[in-house]
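Dear colleague,

Please find the structure below, handed over for your own inspection. My notes on what was found follow it.

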Amino acid sequence: MNSSTDKYQRIVNDLIKQGWSISENFINAEVAQALKNEADALHENGAFRRAGVGREQGYHVESKIRGDNIVWLDEVTDHDAPQRYLAELEQLRQVINQQMFLGLFEFEGHFAVYGPGTFYQRHLDQHQGSDSRQVTCVMYMNEHWQPEHRGELRLFVSENGNERAIDIPPRAGLLACFLSEMFYHEVLPTTTDRYSITGWFRRRG
Ligand code: OGA
Ligand code: MN
């Protein structure tokens, strides 16, 4: 097994064993930087929109729940940096499908930028009445992240029946994956602009 196959296999092993996985340097520094530049360019072009909560008719902006601005990746699939990231995720999708039989058929995701003082309250990613989102993947682009920048992803995992919080720094290149229906999580208030690409491997609803 070569080292790049290894990196997908390790994630799948974690997902099977515990339902979540954290990979530092899933994306190399150059691609992470290109993705951040892409987000900055999209921002300058006015492409970012306030993210909402709920779905279809229930969708609305609610700053007390989440404060990020987003651009969906399907608006930029012809751009180089998103393509390189999506190619990585495609390899991961195939290894997950081979070993977990989830029937994942696509990745739906968005750039997200959280400005200073914003957060996303504790939530689950599966929408009510739909299990199409199966695996959440969040990748970060904050190159010089320091603890005082905050904005960690707090993942609530259960160990021997007790809930434990894991705080994951939004460091450039880091990928956090978890089963969307199982894990509550939140984004702690950030003190600087916090860059990520968040998305979900989906099966047909
Ligand atoms: C989300 C989310 C986590 C993060 O967008 O649903 O939980 O770390 N994002 O950005
Ligand atoms: Mn979420």
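**Salt bridges**

Arg171 and Glu24 join their side chains in a salt bridge, at 3.0 Å from N to O (a salt bridge being a side-chain nitrogen of Lys or Arg within 4 Å of a carboxyl oxygen of Asp or Glu). This pair connects distant parts of the chain, 147 residues apart: Arg171 is in the loop between strand 8 (162-168) and strand 9, and Glu24 is in the loop between strand 1 and helix 2 (29-44). Helices (H or I, at least four residues) and strands (E, at least two) are DSSP runs, numbered from the N terminus.

Before the remaining findings, the conventions should be stated. This is a predicted model, in which local features need pLDDT of at least 70 and side-chain atom pairs count only at pLDDT 80 or more, while totals for chains, interfaces and linings use all residues. Residues are numbered from 1 along each chain as its sequence is written, chains are lettered from A and ligands numbered from 1 in the order in which they are written, and side-chain values use heavy atoms, with hydrogens and water left out.

Accessibility is given in three classes: buried means under 20% relative accessible area, exposed over 50%, and partly exposed in between (1.4 Å probe, protein chains only). Arg171 counts as partly exposed because its relative accessibility is 31%, and Glu24 is also partly exposed, at 41%.

By the salt-bridge rule the count comes to 15. Another of these pairs is Glu30 with Arg84, whose closest N and O atoms are 3.3 Å apart. Since Glu30 lies in helix 2 and Arg84 in helix 3, the pair ties together parts that are 54 residues apart in sequence. Glu30 is exposed, with a relative accessible area of 52%, whereas Arg84 is partly exposed at 33%.

Arg122 and Glu163 also form a salt bridge, with 3.4 Å between the closest N and O atoms. Here strand 5 supplies Arg122 and strand 8 supplies Glu163, so parts that are 41 residues apart in sequence are tied together. Arg122 is partly exposed at 39%, and Glu163 is exposed at 51%.

**The manganese ion**

The manganese ion (ligand 2) has as its protein donors His123 (NE2), Asp125 (OD) and His185 (NE2), lying 2.1 Å from it. Donors are N, O and S atoms within 2.8 Å of the metal (3.2 Å for Na, K and Ca); water is not among the atoms, so sites may look incomplete. Along the chain, the donors of this ion follow the spacing H-x1-D-x59-H. His123 and Asp125 are both buried.

**Helix 1**

Helix 1 (residues 3-18) has 16 residues and should span 22 Å at 1.5 Å a residue, which agrees with the 22 Å between its end C-alpha atoms; the expected span is 1.5 Å times one less than the number of residues. Its buried residues include Tyr8, Gln9, Ile11, Val12, Asp14 and Leu15. Among the elements covering the buried residues of helix 1 are strand 1 (20-23), helix 3 (80-100), strand 6 (133-140) and strand 9 (175-179). Gly19, just after helix 1, takes a positive phi of about 90 degrees.

**Gly115**

Gly115 is placed in the loop between strand 4 (106-114) and strand 5 (120-123), and is partly exposed at 21% relative accessibility. Apart from neighbours within four places in sequence, Gly115 is in contact (heavy atoms within 4.5 Å) with Thr190, Thr192 and Asp193.

With kind regards
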